[in-house]
Amino acid sequence: MSESESSRVPHDDNLQALTLGTDVRLQDLVDHEALRDMVRSFHTLFGISLRVFSSDGLLLAESVVGQEICHYVGTLENGLRACMATVSKARTIEPAARSKEVTHPCFTGAQYRVFSIDYDGKKLGKAVLGPFLPAEVTSVPDTLLAVDPKIDGARALELLPRMPRAKTEAISLICDHLRRTLDLILWSGHKALLTSQMHLSSVRESYRELQQKNEKLQEAFDRLRELDRLKSNFLGVVSHELRTPLTSIIGYSEMLVEGIAGPLVGDQQKFVQTINDKGQQLLQLIMSLLDLSKLESGTMNMKKGTVAIGQLLSDVAATLAPKARKRSIEIECTVEPGLPDVQGDPDRLRQVFVNLADNAVKFSPEGSTIYVTAGPKSLDDSSDEEGFSLLEPSRRMIEVSVIDSGIGIPEDERERIFDAFYQVDSSSTREHEGTGLGLSIVKRLVDAHDGTVRVSANHPTGAIFSVVLPAAAQRSQLGSPARRPG
Ligand code: ADP
């Protein structure tokens with residue numbers, strides 16, 4: 001069997017779905033609108049009332065016109081009782097599946113025909129056709145005259161013929177016709193049911209597959225998270241263990257450079273100085289790794305307080321001034337007057353801006369100027385914090401930007417540079433030393449301060465790193481309650 005043939009063969013589940021379940025009901029299978037239309041048009045065509053019931057006795061469709069003889073009989077006490085008994089009996093008749101129709105006589109001489117509605121070998125309901133007057137009834141039957149002493153024979157004779165008449169063979173033909181039409185309606189209903197069942201089972205199958213994939217993904221995610229945790233632990237432990245001997249190497253090389261162990265001759269001074277420089281570089285890397293592992297594991301100690309941002313930025317500029325001076329780069333700080341303090345850990349915030357300014361110096365051309373600016377972040381600036389002002393209208397934010405005119409960062413790299421160990425892979429940045437850890441530490445530190453950091457392009461060249469941090473709650477002068485400006 002070819003692959004396409006085998007895919008057309010229904011699976012066991014589908015085979016089951018092709019046959020009707022035992023609990024299928026007429027009302028679930030049939031198109032109600034089509035059934036009502038059919039009942040109405042049969043009534044219009046033959047003038048005989050028709051009702052369709054489900055197996056559980058629910059009236060699904062009817063088209064009925066009251067008969068004058070029935071109204072008349074209903075005005076008589078005994079007549080009404082007899083009439084109700086006949087109608088309720090007609091309702092309770094249950095013809096066997098696939099049997100011929102059952103005739104139910106009425107005391108008026110009229111008749112009902114009841115037949116079962118079957119589909120796929122199952123009895124789903126019944127149809128009740130009538131009342132109608134058989135063609136052979138030509139006079140008022142005794143059963144009608146005997147139903148109530150007050151009955152008027154002449155009136156009965158006048159009204160009885162107004163009932164729809166039909167020959168027995170004609171009624172059988174109508175019933176056959178009805179059965180065939182019902183069959184068609186049921187067949188198309190079954191088809192629709194099958195289609196929806198198939199659709200449902202294919203949706204169920206896709207859902208099951210999706211669930212399985214989801215579970216696998218979750219497992220992979222959990223495994224990765226565990227690996228990530230192990231990696232952080234490993235980094236933490238290894239870095240810690242490396243730092244101790246390294247501190248000795250740096251200490252002893254410093255002592256050697258200072259001549260504490262005796263004067264150094266020839267190239268010795270230069271070599272020992274190199275050992276010291278490289279040791280410092282390695283220590284820097286180890287400290288960064290330790291910071292990263294602490295930030296990732298959430299064990300970084302933060303001493304939150306209020307930080308005067310102007311003072312902090314001057315410190316940062318002073319720290320980097322010697323390095324900048326070597327390349328004739330100027331660092332210019334501008335802080336808007338009256339800027340509130342920032343909420344945070346001064347050492348960690350200092351680390352954030354030293355990292356950013358250090359990068360700016362590293363990637364800027366000689367003789368250029370780096371601008372460090374600080375000012376309030378206007379709340380209606382929705383460029384990056386959409387809906388922020390609506391959520392927390394009373395919270396004030398401060399924006400610090402480090403602006404350089406260096407090589408800049410291509411747009412498609414801007415998200416990734418905050419990943420650990422990520423460096424923009426171009427020959428120009430490779431010239432600069434670095435570990436790719438600085439910005440990932442910056443990002444995590446800013447996150448830990450409930451702030452945001454983003455990078456954009458400076459024009460014509462360069463990068464702008466903007467950090468937004470929450471302002472510390474302001475204490476107003478003279479002890480009056482704090483007020484929000486304007
Ligand atoms: P690194 O130690 O390499 O500087 P960072 O995490 O601080 O590590 O920076 C990651 C990368 O982002 C850098 O290698 C560089 O490619 C790019 N980058 C960071 N700051 C700047 C900047 N001001 N101008 C241009 N590129 C930058």
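# Ligand shell, pockets and unusual backbone

Visitor: What makes the pair between the ligand and the side chain of lysine 362 a polar contact?

Guide: An oxygen atom of the ligand is 2.9 Å from an N or O atom in the side chain of lysine 362. The cut-off for a pair of N or O atoms is 3.5 Å. The value is within the cut-off, so the pair is a polar contact. Keep in mind that this is a predicted model.

Visitor: Which side chain pairs with a nitrogen atom of the ligand?

Guide: That of aspartate 404. An N or O atom in this side chain is 2.9 Å from the ligand nitrogen. Glycine 436 uses its backbone instead: a polar atom there is 3.1 Å from an oxygen atom of the ligand. Both pairs are within 3.5 Å, so they count too.

Visitor: How much of the ligand does the protein cover?

Guide: The ligand on its own has 530 Å² of accessible area, and the protein covers 97% of that.

Visitor: How many residues surround the ligand, and what makes a residue near?

Guide: The shell has 19 residues. A heavy atom within 4 Å of the ligand makes a residue near. The closest are Asn359, Lys362, Gln423, Thr435 and Leu439. By class, nine of the shell residues are nonpolar, eight polar and two charged.

Visitor: Which elements give two or more residues to this shell?

Guide: Helix H12 (346–363) and helix H15 (438–448) do. H12 gives the most, with three residues.

Visitor: Where does the ligand lie among the pockets?

Guide: The space the ligand takes is the largest pocket. The volume of that pocket is about 1,700 Å³. Its lining has 46 residues. Closest to the pocket centre are Gln284, Lys323, Asp358, Lys362 and Gly434.

Visitor: Why is this space called a pocket and not a cavity?

Guide: A pocket is an open set of points, whereas in a cavity the probe fits but cannot get out. The space taken by the ligand is classed as a pocket, so its set of points is open.

Visitor: What builds the lining of the largest pocket?

Guide: Five elements each supply at least two residues: helix H10 (268–297), helix H11 (309–326), H12, H15 and strand S13 (463–470). The largest share is from H12, with eleven residues. The lining divides into 18 nonpolar, 16 polar and twelve charged residues.

Visitor: How many cavities of 30 Å³ or more are there?

Guide: The count is two. The second largest cavity has a volume of about 40 Å³. That value is over 30 Å³, so this cavity enters the count.

Visitor: Which residues line the second largest cavity?

Guide: Val39, Phe42, His43, Phe46, Ile48, Leu50, Leu129 and Ile174. Helix H4 (residues 32–46) gives the largest share, four residues. Seven lining residues are nonpolar, one is polar and none is charged. His is not on the nonpolar or charged list, so His43 is the polar one.

Visitor: Which peptide bond ending at proline 131 is cis, and what is its omega?

Guide: The bond joining glycine 130 and proline 131, with omega about 10 degrees. Proline 131 is in strand S5 (residues 122–134). Another cis bond runs from histidine 459 to proline 460, with omega near 0 degrees. Proline 460 is in the loop between strand S12 (452–457) and S13. Most peptide bonds are trans, which is why cis ones get a mention.

Visitor: What is the phi of phenylalanine 421?

Guide: Phi is positive, about 65 degrees, and phenylalanine 421 is not a glycine. Phenylalanine 421 is in the loop between strand S11 (397–403) and helix H14 (427–430). Aspartate 450 also has a positive phi, about 60 degrees. Its place is the loop between H15 and S12. Most residues other than glycine have a negative phi.

Technical notes:
Residues are numbered from 1 along each chain as its sequence is written. This is a predicted model: local features need pLDDT of at least 70, side-chain atom pairs count only at pLDDT 80 or more; totals for chains, interfaces and linings use all residues. Side-chain values use heavy atoms; hydrogens and water are left out. A polar contact is a pair of N or O atoms within 3.5 Å; within protein, one must be able to donate a hydrogen and the other to accept it, and residues adjacent in sequence count only if both atoms are side-chain atoms. Accessible areas come from the Shrake-Rupley method with a 1.4 Å probe; for residues, only the protein chains shown count as cover. On a 1 Å grid over the protein atoms alone, a cavity is a set of points where a 1.4 Å probe fits but cannot get out, and a pocket is an open set with protein on both sides within 12 Å along at least five of seven lines; lining residues have an atom within 4 Å of a point. A molecule sits in a cavity or pocket if more than half of its atoms lie within 2 Å of its grid points. Grid points are joined across faces, edges and corners, and a volume is the space filled by probe spheres set on the points.
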